[in-house]
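Q: Please take a close look at one part of this structure, a strand and the residues around it, and then set that part against the rest of the chain.

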Amino acid sequence: MAKIKTAYFCQSCGFSSPKYLGRCTSCGEWNTMVEEVLAKEEPEKGNWKFTSSGTPRTANKPKTLTEITTQERYRIVTEDDELNRVLGGGIVPGSLVLIGGEPGIGKSTLMLQIALSLKDYTILYVSGEESEQQIKMRAERMQYVNDKCYILNETSTDNIFRQIELTEPDIVIIDSIQTLNSPLIESGAGSVSQVKECTAELMKFSKESDTPVIMIGHITKDGGLAGPKVLEHMVDTVLQFEGDRHMTYRILRTTKNRFGSTSELGIYEMQGTGLRQVSNPSEILISQREEDLSGITIAAMLEGNRPLLIEIQSLVSVATYGTPQRTSNGFDSRRTQMLLAVLEKRGGFRLGTQDVFLNIAGGLKVEDPAIDLAICVSIVSSYEDISVPSSCCFAAEVGLGGEVRAVNRIENRISEAEKLGFKKIFVSKYNLKGLDTKQYKIDIFAASKLEEVFSELFG
């Protein structure tokens, strides 16, 4: 019997120490060091690190670049266009994908839906959180039938690899990585050492067998992926499933992707039968209203490579209490303060005694500076109580001097506005360089100062 060895691991960053520390010397967090057992057992059959006879697999030999042969990598294209876009065109064979999100947001629903929709591939769906009966109930609610999708209720990596060798799946889905435990580590499931070891075994299996593995991960109360930070470094792709679980819409973002862009996103709507793809999100982000209201404008923004038209809502009223309130939902509050200062200094609007409330409709969080002009117009519209025509939209940044600055990829923004039936779009005149305005049916109003926009809209 080998001597039992223990070490202390930081549950926040994964730093290890042979003795207990009140404060982690790596990340500076207090009371995060937890003792874990490091005693290794003899390797068992079935583990991917070893052959069926229990002997280690043959080690790889170094090669020069001229000796390495390359071939065009195909992708597994799913029926979910939103997931294909986020992954860069589909699932890459041999890739390790990690998807995280809040409890109840729909991670398991999305993965089971993908597994059941791939009827031409053999899928092994491994669940350590739900029973087989619970998964079947969800599948019946989705009204999907797939005889090539196998459900395995297991948490031991040893048993999982045995079943993988028997079923030979094309895709493996793990729900979730925090529930797995390796017999090579004696600490409990979800600990730093277990998460690292299980991920390393799955990564080795994925790369050697060219089988894609999709893992669901938990998140912390701060919104980050639970477990050591090295977990995100080990995988090829990190997806984040966001949204308010009390609302119907969900957003799938990419924070890391070795096989594609990290600026794409997918939008879903949660329904009783599962997640529905939203192919045209601009229509759901713009509310249908029968009459024009003050304080409402439409901005043409870019979320990754995808143009979206969103609704900006502002409410300006006299401050009831001593200090005026500045509240913004879905937009940086510091940038809102900056735009208010520009309107007061350069535009002459007395907003110092006004409460200002700003909201991005649809629950989106926007960082694109191209919505600056729409925000300024929305605030002035509410302040003057003059509505902005619903056929107008805006795409420009606002500088500290009150100038209307150019934004990138203006062609995509104009095309999206024209496709949705808008009659007029306000842009910076510096965006007109090299732009063929005759190809658009929409009226393009170019301005260099905020005063020009306000004069056009409010007289």
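A: In this predicted model, N329 stands opposite N359, a residue of strand β16. The pairing behind that position is between strand β15 (residues 326-329) and strand β16 (residues 354-360), which run parallel and are joined by four bridges. Helix α8 (residues 333-346) belongs to the same arrangement: β15, α8 and β16 make a β-α-β unit, and the unit is left-handed.

Within this part, D355 deserves a closer look. D355 is a residue of strand β16. Its side chain is buried yet takes part in no salt bridge, and the nearest side chain of opposite charge, that of R326, is 5.3 Å away. A salt bridge here requires a side-chain nitrogen of Lys or Arg within 4 Å of a carboxyl oxygen of Asp or Glu, so at 5.3 Å the pair of D355 and R326 does not qualify. D355 does have a polar partner in the backbone: a polar atom of its side chain lies 2.7 Å from the backbone nitrogen of Q325. Leaving aside residues up to four places away in sequence, D355 touches L315, V316, S317, V318, A319 and T320, and also T323, P324, Q325 and R326. Both Q325, which supplies the backbone nitrogen, and R326, which carries the nearest opposite charge, are therefore among the residues that D355 contacts.

Charged pairs do form elsewhere. Side chains of opposite charge can pair when their charged atoms come close. The whole structure holds 17 salt bridges.

One of them joins D332 and R334, with the closest N and O atoms 3.7 Å apart. D332 is partly exposed because its relative accessibility is 34%, while R334, at 66%, counts as exposed.

Another salt bridge links K424 to E456, and here the closest N and O atoms are 2.5 Å apart. K424 belongs to strand β20 (residues 424-428) and E456 to helix α11 (residues 450-458), so this pair ties together parts that are 32 residues apart in sequence. K424 counts as buried, because its relative accessibility is 15%; E456, at 38%, is partly exposed. There is also a network: salt bridges that share partners join E82, R85 and R306.

Two members of that network can be described further. R85 forms a salt bridge with E82, and their closest N and O atoms are 3.1 Å apart. Both residues lie in helix α1 (residues 81-87), where they are three residues apart, about one turn of the helix. R85 counts as partly exposed because its relative accessibility is 28%, whereas E82, at 1%, counts as buried. E82 is thus a buried acid that has a salt bridge, while D355 is a buried acid without one.

The backbone has some points to note as well. Most residues other than glycine have a negative phi, and most peptide bonds are trans. A cis peptide bond joins D175 and S176, with omega at about 0°. S176 sits in the loop between β7 (171-175) and α5 (192-209).

N31 is not a glycine, but its phi is positive, near 55°. This residue lies in the loop between β2 (16-17) and β3 (33-37). N31 is exposed, because its relative accessible area is 63%. Q143 is a further residue other than glycine with a positive phi, in this case about 65°. Its place is in the loop between α3 (132-142) and β6 (149-153). Q143 counts as exposed, because its relative accessibility is 65%.

As for the chain that surrounds these details, its secondary structure comes to eleven helices and 21 strands. Along the principal axes, the C-alpha atoms fill a box of roughly 85 × 55 × 50 Å. The chain has 459 residues, of which 49% count as buried. Of the contacts between residues at least 6 apart in sequence, 66% join residues at least 24 apart.

To return to the part in question: β16 runs parallel to β15, and its residue D355 is buried without a salt bridge, with a polar atom of its side chain 2.7 Å from the backbone nitrogen of Q325.

Conventions
Residues numbered from 1 in each chain as written. Predicted model: local features only at pLDDT ≥ 70, side-chain atom pairs only at ≥ 80, totals over all residues. Heavy atoms only, no water. Pairing = 2+ DSSP bridges. Helix = DSSP H or I, 4+ residues; strand = E, 2+ residues; numbered from the N terminus. Right-handed = clockwise from strand over helix to strand, strands pointing away. Buried < 20%, exposed > 50% of the residue type's maximum accessible area, 1.4 Å probe, protein only. Lys, Arg positive; Asp, Glu negative; His and termini not counted. Polar contact = N/O pair within 3.5 Å; in protein donor to acceptor, adjacent residues only side chain to side chain. Contact = heavy atoms within 4.5 Å.
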